[in-house]
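Q: I should like to learn how to read the features of a protein structure. Could we work through some of them together?

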Amino acid sequence: MRQMKVRTTFFKMTVSFLVFGLIPLFLLSILFFSRYSGIVRDNLVTGYQTMNSYAAKNVAAVITSADEALGDLYDYRDPEGKTLTDILRDNSENNSEQEQEISRALLFAMGKSPYLSSIRLSDRSGRIYSLYANPEKTLKSDFTKSMTIHTDGPDDKVTRMKLFGTFPEEEICVNSEDYVFSIARNYMDTTKVSSSCSEVLAYVFADVNISRIRDVVEEAGFSPGRFYIYSTSTGQYLYSDSDTDYRNGAHPLAFCENLFGETDGAQQIGSHWVFFDKIENVDAYAVLVMDQSDLMGIFFQSRIVLILILCFSCAVLLILYMMFSIRMSAPARKLKEAMEQVEKGNLDVHVDLETRDEMGYVADGFNKMTKRLKDYINRVYVAEICRKDAELNALKMQIQPHFLYNSLDVIRMTALDQEDAKTARLLESLAKQLRYVMGTQSERILLKDELDAIREYFVLAKERYEGRISLMVYAADEDRNLFIPKLLLQPVVENAIRHGLREKQGNGAIAIRAERKSDCLEIVVMDDGLGMEEEKVEHIRRVLEDPDRTTAVADRSVSIGMQNVYDRIKLNCGKEYGFSIQSTPGTGTIVTFRLPVWEEG
């Protein structure tokens, strides 16, 4: 009889997953969603109430900062020590001098708060003085709006402020499309305590651009709600999402105005949620209005998270069923026995499983693995033979450098016999450089060995350029015993001679300075050669940082030695290390290395 597919392990695990995993989990998820929807809604309400409270505190900070700036006018002193009270009471000065003095006092106050866009002052004679943060704005010449603050009785103190709703700034000044609200104070005569609350010397107004409040709203992230700042004492709006509320006297909060007798809270009114917080020190409230659908819409979006959790749980259950399926136990034992044979070294073992489920694929993979493992061992054996041959060839190649050193030494001794000390010295320098380059295979060497090799290179270079170049080295003795990558400085010095000093008229010099910093070893190579244009320096920097340097190799814009130094520093020291290039045409070039502090090789 033909075997039915429903008997496969995958089908059984799927049925088990549906019956014992997915369906119960789905039912529990629905129960959870319905049971805790109220809790989630309360959390959302609490969250928005906290956000609104945060915005109210920030708005209070803006208003308080502006009010304190006006209060600081009492602390103003001009260079002669006169206060603003003295200036306002001084009738001896002409109008121009008094206007300058008052403007300086207003500038002093504006500097006390970053939120002020303008300050206006009206003295007892009705003269109005103004100062704007934007120099393009000026008070209208025909401005006649009353700038008097009417007190409500003896309870109004010197520090009492008035808050006025937002209005278009174009009503009082030119070159403005902004909206501002005003904070006002009576400036009192404080020279006598007995009259400090009875004589008003001036009225001062501070304007705050509502863009400052808009920044607070954006920071709080009120979306999709509508945010307002409403003054209960004046019935005016300091901030609204719609500019028309400032112009036509609209009152979008009329439906919830009865809530503002309390300090803060949240209330559902019809299809709206209203969150309100009283702003400290003023008769104003920060109000957030959200539609019920918007508030709960965020909650319904949480179903996506629930679905993701459900999918993750299903995947975990599926893995567990696959791992512990009884159907897999028998094939697993066969595989275990085969693995024990492989462990003993028998790579000819073969597992035969007649199942057509996942274990059949596992067995087939095991058989392929043993075959590939056998082939791999054979390749490793061949590779070991090749390695031995390579070591033998390397040993043979060592004969050639020694022969070269000995030959150079014979030539040098011959030059000495012929009393040619210069040729002997040049051959000695060449032999030392070859021994340094071809000798030790260590990647790290002492800084002093690298500097000695540079000096030997300069013996040949100085002779090549007829003594026109010189070398200076500055390094402390303890820094000379630090380790650096081998052949780090030679390519840079060679580039400095070839491209900086060779074409220079007159003598040239190269200076090398090594200094241990708190977090690195800094080596600076400087020359006083021809230098390079900034464009060329930037091109070299881009080529070195680009892993694909086929273009650079083609036009030879950057030497192979410089590329090799850059790559070896990044590879052996870390990406945070490297070197930088600075150059000025006609002055010279500076290459600064930043290396780790290696005290051991």
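A: Certainly. The model is predicted. Let us begin with a pair of strands: β8, which spans residues 226–231, is joined to β9 by 3 bridges, and the two run antiparallel. One residue shows the pairing in detail: Ser231 has Gln236 in β9 as its bridge partner.

Q: To what strand order does the open sheet of 5 strands conform?

A: The order in this open sheet is β9-β8-β12-β11-β10, and the pairing is antiparallel. At the edges lie β9 (236–239) and β10 (264–269), each of which pairs on one side only. From one strand to the next, the twist averages 30°.

Q: Which helix packs on the sheet, and which strands does it touch?

A: Helix α5, residues 210–220, packs there and touches β8 and β9. The direction of α5 makes about 65° with that of β9.

Q: How should I read the span of helix α4?

A: One compares the reach of a helix with the value expected at 1.5 Å a residue. Helix α4 covers residues 95–110, which is 16 residues. From its first C-alpha to its last, α4 reaches 22 Å, close to the 22 Å expected.

Q: Which residues in α4 are buried?

A: The buried residues of α4 are Gln98, Glu101, Ile102, Ala105, Leu106, Ala109 and Met110.

Q: What sign does phi have in most residues other than glycine?

A: Phi is negative in most residues other than glycine. In this structure, Asn175 is not a glycine, yet its phi is positive, about 60°. Leu487, also not a glycine, has a positive phi of about 55°.

Q: Where are Asn175 and Leu487 found?

A: Asn175 has its place in the loop between β5 (173–174) and β6 (179–188). Leu487 belongs to the loop between β15 (483–485) and α14 (490–501).

Q: Why does Asn175 count as exposed, and why is Leu487 called partly exposed?

A: The cut-off for exposed is over 50% relative accessible area, and partly exposed lies between that and the 20% under which a residue is buried. Asn175 has 57% relative accessibility, so it counts as exposed. Leu487 has a relative accessible area of 25% and is therefore partly exposed.

Q: How many disulfides does the count come to?

A: A disulfide requires a pair of cysteine sulfur atoms within 2.5 Å. By this rule, the count is 0 disulfides. As for individual cysteines, Cys173 is buried, because its relative accessible area is 1%. Cys520 is buried as well, with a relative accessible area of 5%.

Technical notes: Residues are numbered from 1 along each chain as its sequence is written. This is a predicted model: local features need pLDDT of at least 70, side-chain atom pairs count only at pLDDT 80 or more; totals for chains, interfaces and linings use all residues. Side-chain values use heavy atoms; hydrogens and water are left out. Helices (H or I, at least four residues) and strands (E, at least two) are DSSP runs, numbered from the N terminus. The expected span of a helix is 1.5 Å times one less than its number of residues. Buried means under 20% relative accessible area, exposed over 50%, partly exposed in between (1.4 Å probe, protein chains only). Two strands pair if DSSP finds at least two bridges between them. Axes are lines fitted to C-alpha atoms, for helices over the stretch in contact, and angles run from 0 to 180 degrees between N-to-C directions. Contact means heavy atoms within 4.5 Å.
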